[in-house]
Amino acid sequence: MRSPVRYAPDVEAVTPDEGQTIKQLNQTFDKILNRVAADSGHAMRSVHAKSHGILEGVLTIDAGLSPELAQGLFAEPGQHKVYMRLSTNAGDILPDAVSLPRGLALKVLDVEGERLPDAEGTTQNFIMVNGKVFQAPNAEKFLGSLKLLAGTTDRAEGLKVAASTVLRGVNKALHAVGIDSPTIGSLGGAPNVDPLGETYYSLTPFRYGDYIAKFSLAPVAPALTALTGTEIDASGRPNAIRETVQSEMIGIAGEWEFRVQLCRDLERQPVEDPTMEWKEDETPFQRVGVVRVQPQDSWDPARVQAVDEEMRFSVWTGLAAHRPLGNINRARNAPYRHSAGFRERFNRCPIHEPGAAR
């Protein structure tokens, strides 16, 4: 296996029009934010608005990691409190019969080290979904898709449910012949799976101390892996996923491995194109720690208020050693901050990071 590629600033290729694209992303997200807030009376996140569970646990960083894996947050063994937020990727609150990709955001507390610019607090955030590639190769292409979705926000829920049923069938037919379609999944054709059994991926690359990596969180506890691929019947149950997770977590001691996939060839594992999968037979995921969650109420009102309402999750909140890389990641910074600011003003609820001044 080839040695991992060392990080250098020139692994990124910044284009002159990125600033204009980011401005248009903010404007498009504004349409989603304003419409949902006007219709519901409450401001939500512009993406991954609907939560299915908020969990509290502990990340244990493995001892004895090799030098290429002992980087950044994972440089020293130890334990950190974490929050996990399970979600669906739409910017409006849809009934769960509209099946969309699952998201998992992980906030690691009390992390020491040099921070990214404007990264308040002392946390390290990781944002992942249950797929291996992003739906668009760059922010400009993603903007085009987002504009189409913005026009349907908080509109025609019945049609979305019907369309989702059709698209799920199409997606299963494609999967049967070895074709995966992130686009169909993002439009409502994703399998309506239990989020507790899913493996999650960062999709985009990050600096990993001296190197470059993607991240993954994979269930390993038997009670979780037994749920992998299990589909939830959401017929007539708008919050079926939340209810299912809540009933399951009362009796589950969850355990997920945190894994790192190092870039070993910039052509075969590119930084700027997240639609190109980094093949695991060329650069496997390697465990660097484990997240453990004890049985708990995954919809505890106090925790939901503290985490879902009063915190934000952003890949740009964390260590300089885990700087987000690539066009899509660069385009995520301003819109995520913009969305949190809108929520804070509309809901009159301060948003802050644990360990940051309020």
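The exercises below, each with a worked solution, concern a predicted model of a protein chain.

**Exercise 1.** Determine how helices H1 and H8 pack, and which residues form their contact.

*Solution.* Two packed helices are described by the angle between their axes and by the distance between those axes. For H1, which spans residues 18-40, and H8, which spans residues 327-347, the axes come within 9 Å and cross at roughly 35°. The handedness of this crossing is right-handed. On the H1 side, the contact is made by Glu18, Ile22, Leu25, Asn26, Phe29, Asp30, Leu33, Asn34 and Ala37, while H8 contributes Asn327, Arg330, Ala331, Ala334, Pro335, His338, Ser339, Phe342 and Phe346. Sorted by class, the residues of this contact comprise ten nonpolar, five polar and three charged ones.

**Exercise 2.** Establish whether the residues of strand E4 are buried or exposed, and how E4 is paired with E3.

*Solution.* In a regular strand the side chains alternate between the two faces of the sheet, so each face should be examined separately. In E4, residues 124-129, one side carries Gln124, Phe126 and Met128 and the other Asn125, Ile127 and Val129, and all of these are buried, that is, under 20% relative accessible area. The count for E4 is accordingly six buried residues of six. Strand E3, residues 102-108, runs antiparallel to E4 and is joined to it by six bridges; Lys107 stands opposite Asn125 of E4.

**Exercise 3.** Describe the burial and the accessible surface of the whole protein chain.

*Solution.* Of the 358 residues in the protein chain, 55% are buried. The accessible surface comes to about 15100 Å², and carbon and sulfur atoms account for 53% of that area.

Key
Residues numbered from 1 in each chain as written. Predicted model: local features only at pLDDT ≥ 70, side-chain atom pairs only at ≥ 80, totals over all residues. Heavy atoms only, no water. Axes fitted to C-alpha atoms, helices over the stretch in contact; angles between N-to-C directions. Helix = DSSP H or I, 4+ residues; strand = E, 2+ residues; numbered from the N terminus. Left-handed = near helix turned anticlockwise from the far one by under 90°. Contact = heavy atoms within 4.5 Å. Nonpolar A, V, L, I, M, F, W, Y, C, P; charged D, E, K, R; others polar. Buried < 20%, exposed > 50% of the residue type's maximum accessible area, 1.4 Å probe, protein only. Pairing = 2+ DSSP bridges. Areas by Shrake-Rupley, 256 points an atom, 1.4 Å probe, with all protein chains shown as cover.
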